[in-house]
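Q: Could you take a close look at one part of this model for me, the sheet and what packs around it? I'd like the pieces joined up into one picture.

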Amino acid sequence: MNSAHITLAQIIWIWIGAFLTFCIFSFLYKDNPLYRFAEHLFVGVSVGYSISISYHNVLYPDLIVPLFKHGQLLNIIPLLFGLCYFARFIPQVSWLIRLPMGLVLGFGAGASIPATLQASIIKQIQGAVLTPNIFKHWDFFVWALITFIGLICVVTYFYFSKERNKVTKLVAEGGVIFLMVGFGASFGYTVMARISLLIGRFQFLLRDWLHIIK
Amino acid sequence: MKFFEILGKIDRKIIFIILAVVVIIPLIKPFGLISKASSRAQSVFDAVDAIPAGKPLMISIDFDPASMPELYPMLTAILRHAFAKDVKVVVLGLWLTGMGLGEQALATVSQEYNKEYGKDYVFLGWKSGILPVVLGMGEDIKKAYPADNYGTPLESIPMMQSIKNYRDIPFFISLSAGSAGYETWIAYAQSRYGLKIGAGVTAVSAADAYPYLQTGQLTGLLGGMKGASEYEFLVKQKGYTNQFSPASQAMDAQSLGHLLILILIVLGNIGYFFTRHSSRKEQQ
């Protein structure tokens with residue numbers, strides 16, 4: 001944020017941001033009321049923001065306007081389905097919640113099963129052997145080969161239906177090495193992510209709040 | 001032996017303070033470590049660069065403020081690249097709490113390039129129900145989003161006259177911090193409609209995205225703050241912007257932070273090894 005064009009309102013919000021940052025950081029020492037205040041404030045603000053956006057972006061333009069202003073009566077059907085979610089608060093008619101739940105689950109399963117099969121299973125199996133540009137450079141081929149060997153080893157490690165002989169035991173042990181490399185890569189990326197978030201907060205404190213850095 | 005015992009029992013508060021100092025110093029006094037672009041970042045950059053002027057780039061904000069340090073610099077760098085190339089931009093999102101970030105980035109970057117709302121870029125915002133939105137846009141964007149984020153009907157927005165569905169989107173980028181995110185777009189928009197997709201992801205989820213890169217389902221990948229800095233580097237190198245680059249500024253701190261963690265892991269393990277060795281000896 002350019003400090004030359006900063007308004008009083010922005011200054012106040014930056015100070016509030018800095019205060020809340022320190023409230024959250026205080027947990028590093030130990031749990032305390034300031035940390036809990038900031039945590040609860042965050043949850044409350046998120047929920048309030050979500051309700052507001054849901055109303056203005058969905059409920060008002062997609063239901064209230066068509067139904068009550070344009071008289072499109074078919075919108076009563078989704079309204080009734082939506083209201084059925086609240087039936088769970090009334091024990092006598094709580095079974096009504098099954099109607100919208102069934103609709104959502106049915107649509108979700110129908111849409112996601114073929115899509116997930118195609119994107120995450122068929123394409124991945126295909127990609128384990130045939131990668132784009134596999135013969136473009138020699139290193140592409142080597143990496144594709146290593147990936148393929150890794151896949152075979154790891155799948156062998158997770159094959160429990162038959163007792164392992166000497167060969168499958170050796171292959172499965174190779175699978176453990178590939179798994180460890182994978183876990184290491186994930187852990188490395190996780191460290192990177194956490195440090196990035198810390199840097200983000202320090203950038204805010206040093207730049208926007210204290211104006212020490214550019 | 002006592003030294004190794006101390007190594008294994010360092011108070012974590014001391015480690016927090018050391019980490020804070022190690023991160024703050026390079027932010028105040030940068031060392032200027034050189035950042036280069038990986039082939040994964042280069043692929044995303046090339047795909048955006050290949051969009052003809054006047055054609056749209058679609059960006060989905062699938063993150064919230066919790067991932068802002070990693071993904072927001074990607075968003076601003078990509079917007080700068082697109083606006084500098086006179087590429088139209090359509091921004092939407094699957095994460096409700098990320099909409100403010102999208103609005104903020106568009107407002108800031110569009111001013112830098114004198115871009116006009118409705119003519120050069122449009123902000124569709126967020127709609128509930130992920131699947132109907134993603135699938136619906138494959139048939140007709142105006143049916144999934146009858147109006148933009150501010151209630152203006154898409155029919156009346158000049159830029160949207162030539163955009164009907166995914167067939168009119170040469171390239172799409174999902175900036176994703178989890179689910180719903182790039183995997184949703186791959187499963188529903190790419191598998192079914194053939195949308196060309198690139199992704200910017202948080203470092204935590206970067207390892208999970210590599211298989212999609214391997215199969216070609218993702219054109220390119222920006223992983224974490226490093227990925228953002230790589231994109232910033234490419235945009236600056238091509239002379240598309242001279243604006244401040246927050247992710248590039250953070251790379252020295254990131255590198256030193258990693259070095260410290262590496263040292264601590266090695267020291268911690270040495271301490272653990274020696275204390276275990278000595279306790280075994282004592283037991284014998």
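**The sheet of chain B and its helices**

A: Let's start with the chain as a whole, keeping in mind that this is a predicted model. Of the 284 residues in chain B, 48% are buried. The chain has 11 helices and 6 strands, and its C-alpha trace spans about 80 × 40 × 30 Å along the principal axes. If you look at the contacts in chain B with a separation of 6 or more, 74% of them link residues that are 24 or more positions apart.

Now for the sheet. It's an open sheet of 6 strands in chain B, ordered 3-2-1-4-5-6, and the pairing is parallel. As general background, strands of a sheet pair through backbone hydrogen bonds, either parallel or antiparallel. At the edges here you'll find strand 3 and strand 6 (218-223) of chain B, each of which pairs on one side only. Going from one strand to the next, the twist averages 15°.

Let's walk across it, beginning at strand 3 of chain B. Strand 2 (residues 88-93) of chain B pairs with strand 3 of chain B in the parallel sense, over 5 bridges. To find the spot on screen, look for B:Val90, which stands opposite B:Val122 in strand 3 of chain B.

Further along the order come strand 4 (residues 171-176) and strand 5 of chain B, which run parallel and are joined by 5 bridges. Here the pair to look for is B:Ile173, opposite B:Gly198 in strand 5 of chain B.

Stay with strand 5 of chain B for a moment. It covers residues 197-201, and 5 of its 5 residues are buried, so it is largely enclosed by the rest of the structure. B:Ile197, B:Ala199 and B:Val201 point one way from the strand, while B:Gly198 and B:Gly200 point the other way, and all are buried.

So what sits against the sheet? Two helices are worth finding. Helix 3 of chain B lies across strand 1 (56-62), strand 4, strand 5 and strand 6 of chain B, and it runs at about 120° to strand 6 of chain B. Helix 9 of chain B also packs on the sheet, where it touches strand 5 and strand 6 of chain B; its direction makes about 160° with that of strand 6 of chain B.

Helix 3 of chain B has a helix partner too. Helix 3 (residues 39-49) and helix 10 of chain B pack at an angle of about 50°, with their axes 9 Å apart. That angle makes helix 3 of chain B oblique to helix 10 of chain B, and the crossing is right-handed. On the helix 3 side of chain B, the contact uses B:Ala41, B:Gln42, B:Val44 and B:Phe45, and on the helix 10 side of chain B it uses B:Gly227, B:Glu230, B:Tyr231 and B:Leu234. Sorted by class, the residues of this contact are 5 nonpolar, 2 polar and 1 charged.

Helix 10 of chain B also packs with helix 4 of chain B. Helix 4 (residues 68-84) and helix 10 (residues 224-237) of chain B meet at an angle of about 20°, with their axes 8 Å apart. These two helices of chain B are therefore roughly parallel to each other, and this time the crossing is left-handed. From helix 4 of chain B, the residues in contact include B:Pro69, B:Pro73, B:Met74 and B:Ile78, and from helix 10 of chain B they include B:Met225, B:Ala228, B:Tyr231 and B:Val235. The residues of this contact divide into 9 nonpolar, 3 polar and 3 charged. Notice B:Tyr231: it is listed in the contact with helix 3 of chain B and again in the contact with helix 4 of chain B.

Finally, zoom out to the neighbouring chain. The contact between the chains takes 47 residues from chain B and 43 residues from chain A. Several of the elements we've met give two or more residues to the chain B side, including strand 3, helix 4, helix 9 and helix 10 of chain B. Helix 11 of chain B gives the most to that side, with 7 residues. By class, the side of chain B that touches chain A has 27 nonpolar, 15 polar and 5 charged residues.

Technical notes
Residues are numbered from 1 along each chain as its sequence is written. Chains are lettered from A and ligands numbered from 1 in the order in which they are written. This is a predicted model: local features need pLDDT of at least 70, side-chain atom pairs count only at pLDDT 80 or more; totals for chains, interfaces and linings use all residues. Axes are lines fitted to C-alpha atoms, for helices over the stretch in contact, and angles run from 0 to 180 degrees between N-to-C directions. Helices (H or I, at least four residues) and strands (E, at least two) are DSSP runs, numbered from the N terminus. Angles under 35 degrees count as roughly parallel, over 145 as roughly antiparallel, 65 to 115 as roughly perpendicular and the rest as oblique. A crossing is left-handed if the near helix is turned anticlockwise from the far one by less than a right angle, and right-handed if clockwise. Two residues are in contact if their C-beta atoms, placed from the backbone, lie within 7 Å. Ala, Val, Leu, Ile, Met, Phe, Trp, Tyr, Cys and Pro count as nonpolar, Asp, Glu, Lys and Arg as charged, and the others, Gly among them, as polar. A residue is buried if 20 or more other C-beta atoms lie within 10 Å of its own, exposed if 12 or fewer, and partly exposed in between; C-beta atoms are placed from the backbone. Two strands pair if DSSP finds at least two bridges between them.
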